[in-house]
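Colleague: Mind if I quiz you on the labels in this one? I'd like to hear the reasoning behind each.

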Amino acid sequence: MDQDHKKLKESPFPCEGLEKVLSFIDSHKDRSSASLVCKDWYDAERWTRSKLFIGNCYSVSPEIVARRFPKIKSVRLKGKPRFSDFNLLPQDWGANVHAWLVMFAKVYPSLEELRLKRMTVSDESLDLLARSFPGFKALSLSSCDGFTDEGLKAIATHCRTLTELDIADSVTVDIGGGWLSCFPEGFASLEILNFASLQCEVSFDALERLVSRCRALRVLKVNESINLEQLQRLLVQVPHLTGLGTGSFMQELTPRQYEGVQSAFSNCKNLQVLSGLWDATSLYLPLVYGACASLTFLNLSEADLRSGELAKFLPHCTSLRRLWVIDTVGDKGLEAVGLSCPLLEELRVFPIDPYDLDNRQGVTEVGFLAVSRGCPNLNYVLYFCRKMTNDAVATIVQNCPDFTHFRLCIMNPGEPDHLTNEPMDEAFGAVSKTCTKLRRLSVSGLLTDMAFEYIGKFAKNLETLSVAFAGSSDRGMQCVLEGCPKLRKLEIRDCLFGNAALLSGLDKYETMRSLWMSACNLTIKGCRLLAKEMPRLNVEVIQDEWSDETHANKVYVYRSLAGPRQDAPPFVLTLGGEDI
């Protein structure tokens, strides 16, 4: 028996009772807090934790994790910073999962779940995973890269107890469809299968055989290579699905085929999540109406619907809590949301083309106001628009004061209130004052330091702040760092903030997960000063080219128990106190 465990057994506090209590705590935050109570609680938490969440793969090393937690069965691991989604991080920056898997293979033979986000995952890594854990059940790859169909073939071939394979938004192109044929003939344990983001033709015969065997399948999300007639054949096999991602609707159906597909959807009485619908038109949207009565999440981010199409769709979705759409629905479409979705809690409106700044179509404050009037439970919004006003935002948060996530993205940088031509400071001041539960905020538009003074003064529960093309001086960033006690992540791009702003966070960074700053007024010298003052932080300067020896183009700061990472590529300069 481990010596620490022996000491725990000898504790005057009943060990069995303490371990029993901790076994009921699932929150990683609560468990981490419990481990700080005393030595006995630390040890008990160590021995009872089976699930592990690591928000930054460089915040700790695999070796430290293995020593700390001996009985892990489930791991969630995040890699690259979020701005990598916007191509702001060079290729081969890092976040390779392989070293983690090598350690897991040594110390966690009972590993059952691995959920990765923004990690580089090679075929070699997937093969190691597939061969190392005989009871492995769930693999989720979200926004990951680096693998091909060879890696997926290894998972399909060797993971005989797999219940979940979820490949979401992964940016990999070297994928063929042959991996679906590699599941053994007797394999029948899948409950979740999602390959909607893979850009490949798949073997439909192999998919149909797999689906027909997996009688417990409850989530199936296919990619664009699956047409409506093929989807019908799949739905007949699994009418009990709770989550469905359709393939493409780009197919001409005969009247008999149309009736068959419509009937297959109508038999899906338990459907709660619906996505996909690529190329759906007003002719074929009615096919899915019969499956919508129990929907709580409708993801139309791949279907560029118009307002009239959405207005006819939504009355069939009376239980909807979450809705994702493209801005082609316009303000009229959002007015239909306000009229038809009184239970809505989350709305995301994506741009059909975020890089076309000359396009004046899309949504405005009019649609947002309509949703806020009809959906009083709204607490999460991601809203891409071309223009907005201060008064509209103030009214929106008065209508929906329980926002926890408010992500307003005015796509033209530095856009003022389009009616008054004033900065958008009062809009985000209203959000900060009114929404006392606010945890995540994204700001945009023409903003001065006043907006950040509001945020620092009122947003006391804020954990994540994203800023772009905003602020008038270092004072703005200083207000946030001084005033938001729960801030965990700060993401800044294309702002005037410089060294003084960066160095104002010396008392804050060790309690935060990370700071990202790109295209700001930072210098190498300022970053070195930070590294000198805070030696337990990793301060990384990322330069696409080193022609400028003074300006720090991209800076990533995070706390780490493992020290400077060993896999930094040449374009990443890791600063330490000795560099000053």
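**Labels and the numbers behind them**

Modeller: Sure, starting with Thr 404: its relative accessibility is 13%, so Thr 404 counts as buried. The cut-off for buried is under 20%. Bear in mind that this is a predicted model.

Colleague: Where does Thr 404 sit, and which residues is it in contact with?

Modeller: Thr 404 is in the loop that runs between helix H15 (390-399) and strand E14 (405-410). Skipping neighbours within four places in sequence, Thr 404 touches Asn 379, Lys 437, Leu 438, Arg 439 and Arg 440. As for the whole protein, 56% of its 580 residues count as buried.

Colleague: What makes Gly 308 partly exposed?

Modeller: The relative accessible area of Gly 308 is 36%. Buried needs under 20% and exposed needs over 50%, so Gly 308 lands in between as partly exposed. Gly 308 belongs to helix H12 (residues 307-313), and its C-alpha is 6.8 Å from that of Gly 333, 25 residues away along the chain.

Colleague: On to the helix pairs. Why is H10 called oblique to H11?

Modeller: The axes of H10 (residues 228-237) and H11 (residues 255-266) cross at roughly 40 degrees and come within 9 Å. Roughly parallel would need an angle under 35 degrees, and roughly perpendicular runs from 65 to 115, so H10 is oblique to H11. The crossing is left-handed.

Colleague: Which residues make that contact?

Modeller: From H10 they are Leu 228, Glu 229, Leu 231, Gln 232 and Leu 235, and from H11 Gln 257, Gly 260, Val 261, Ala 264 and Phe 265. By class, that gives six nonpolar, three polar and one charged. Gly counts as polar here.

Colleague: And what makes H14 roughly parallel to H15?

Modeller: H14 (residues 365-374) packs on H15 at about 15 degrees, the axes being 9 Å apart. The limit for roughly parallel is under 35 degrees, so H14 gets that label with respect to H15. The crossing of H14 and H15 is left-handed. On the H14 side the contact is made by Glu 365, Phe 368, Leu 369, Ser 372 and Arg 373, and on the H15 side by Ala 392, Thr 395, Ile 396 and Asn 399. These split into four nonpolar, three polar and two charged residues.

Colleague: How many helices and strands does the protein have?

Modeller: There are 20 helices and 21 strands. Taking contacts between residues at least 6 apart in sequence, 70% join residues at least 24 apart.

Notes: Residues numbered from 1 in each chain as written. Predicted model: local features only at pLDDT ≥ 70, side-chain atom pairs only at ≥ 80, totals over all residues. Heavy atoms only, no water. Helix = DSSP H or I, 4+ residues; strand = E, 2+ residues; numbered from the N terminus. Buried < 20%, exposed > 50% of the residue type's maximum accessible area, 1.4 Å probe, protein only. Contact = heavy atoms within 4.5 Å. Axes fitted to C-alpha atoms, helices over the stretch in contact; angles between N-to-C directions. Parallel < 35°, antiparallel > 145°, perpendicular 65-115°, else oblique. Left-handed = near helix turned anticlockwise from the far one by under 90°.
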